[in-house]
Amino acid sequence: MKILAVCGMGLGSGLLLRMQVEKALQRLGMHADVTVADIGVARAMAQTADLIVTTRELAEHLQGVKPKVITISNFVDLEEMVRKLKEALQET
Amino acid sequence: MPVEVLLEMIPEEAIRVGVSAPDWRAALLACGEVMVNAGIVDPPYIDQMIATVEELGPYIVIAPGIALAHAKPSPAVRRPGFSIIVLDSPVYFGHPENDPVRLIIGLASPDPHSHIQALAAIAEMLSDDSCRAALFDATTPLDVRRVLRSFSERGSCA
């Protein structure tokens, strides 16, 4: 399982997303490779990813990519991440 | 990470509370100015932070009331560091869920790695309800430093 955390610059919010995804996976007792990608390279990197985690604004730049895209609005709310990740992983 | 290291990356000159800004651009300007004063970045970084929002939208608003302002690593960054700005009245970035914003964390790093540990510590702190509330209630830069210290030492600000 490969998860791509996509943000604008690969520096701030993407890192926060990766941290939250890793915590959420631990809570769910699951494992995955989580990589941060900035929006400039995300479309190319999406080819080999199983799931993309990003924000609603940036998801609009990723329309048509192969993996499922989930969007997070509160980056410091672990419950939101756990809930959305769990739903997405059940479907994939 | 040791609290002294964290506090060194968020120097007192880089913290301002009760800042008044009419809009998000003015808020990011204030955020960038204190980073310049603290020797974290050179002035061009301020425009780069504003340009990030102009190009990519309000995605830097990472939680209700909180923005993480930053640009790419660039020659305008002198050292990894953060600023913390608490606005006296909130500004709108155009974020569908997390507007309006009263707390702005400015981030700068000369490379993609030097800031990661401190950013993780700040994110943990923002996840804690008592520390988040204490930051919004801060009336002096010293209050903000106390929140950082309290979270680092006790994991809470209650």
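User: Where does A:Val53 lie in chain A?

Analyst: A:Val53 belongs to strand 3 of chain A. Strands are DSSP runs of E with at least two residues, helices are runs of H or I with at least four, and both are numbered from the N terminus. A word on the model itself: it is predicted, so local features need pLDDT of at least 70 and side-chain atom pairs count only at pLDDT 80 or more, while totals for chains, interfaces and linings use all residues. Residues are numbered from 1 along each chain as its sequence is written, and chains are lettered from A and ligands numbered from 1 in the order in which they are written.

User: Why is A:Val53 called buried?

Analyst: A residue is buried if 20 or more other C-beta atoms, placed from the backbone, lie within 10 Å of its own, exposed if 12 or fewer, and partly exposed in between. A:Val53 has 27 such atoms within 10 Å, so the label is buried.

User: Which residues does A:Val53 touch, not counting those up to four places away in sequence?

Analyst: Contact means that two C-beta atoms, placed from the backbone, lie within 7 Å. On that basis A:Val53 touches A:Ile3, A:Ala5, A:Leu17, A:Val21, A:Ile70 and A:Ile72. A:Val53 and A:Val21 are 32 residues apart along the chain, with 8.4 Å between their C-alpha atoms. Leaving aside neighbours within four places in sequence, the contacts of A:Val21 include A:Val34, A:Met81 and A:Leu85.

User: What makes A:Val21 stand out in the largest nonpolar core?

Analyst: Such a core is a set of buried Ala, Val, Leu, Ile, Met, Phe, Trp, Tyr and Cys residues joined through C-beta atoms within 7 Å. The largest one holds 92 residues, and A:Val21 is among those that touch the most other members, together with A:Ala5, B:Ala27, B:Ala67 and B:Ala69.

User: How do you know that the length of helix 3 of chain B agrees with what is expected?

Analyst: The expected span is 1.5 Å times one less than the number of residues. For the 13 residues of helix 3 of chain B that gives 18 Å, and the end C-alpha atoms are 18 Å apart, so the two agree.

User: Which residues of helix 3 of chain B are buried, and why are they said to line one face?

Analyst: The buried ones are B:Tyr45, B:Ile46, B:Met49, B:Ile50, B:Thr52 and B:Val53. Down the helix axis they fall within an arc of 145°, so they line one face; the arc is that of the directions from the axis to the C-beta atoms. On the other side, B:Ala51, B:Glu54 and B:Glu55 are exposed. The buried residues pack against helix 2, strand 3 and strand 5 of chain B.

User: What makes up the side of chain B that touches chain A?

Analyst: Here 26 residues of chain B are in contact with 20 residues of chain A. Helix 4 of chain B gives the largest share, six residues. By type, the side divides into 18 nonpolar, six polar and two charged. Ala, Val, Leu, Ile, Met, Phe, Trp, Tyr, Cys and Pro count as nonpolar, Asp, Glu, Lys and Arg as charged, and the others, Gly among them, as polar.

User: What is the mean pLDDT of each chain?

Analyst: pLDDT is the predictor's confidence in each residue, from 0 to 100. The mean is 96 for chain B and 94 for chain A. For the complex, the predictor gives an ipTM of 0.91 and a pTM of 0.95.
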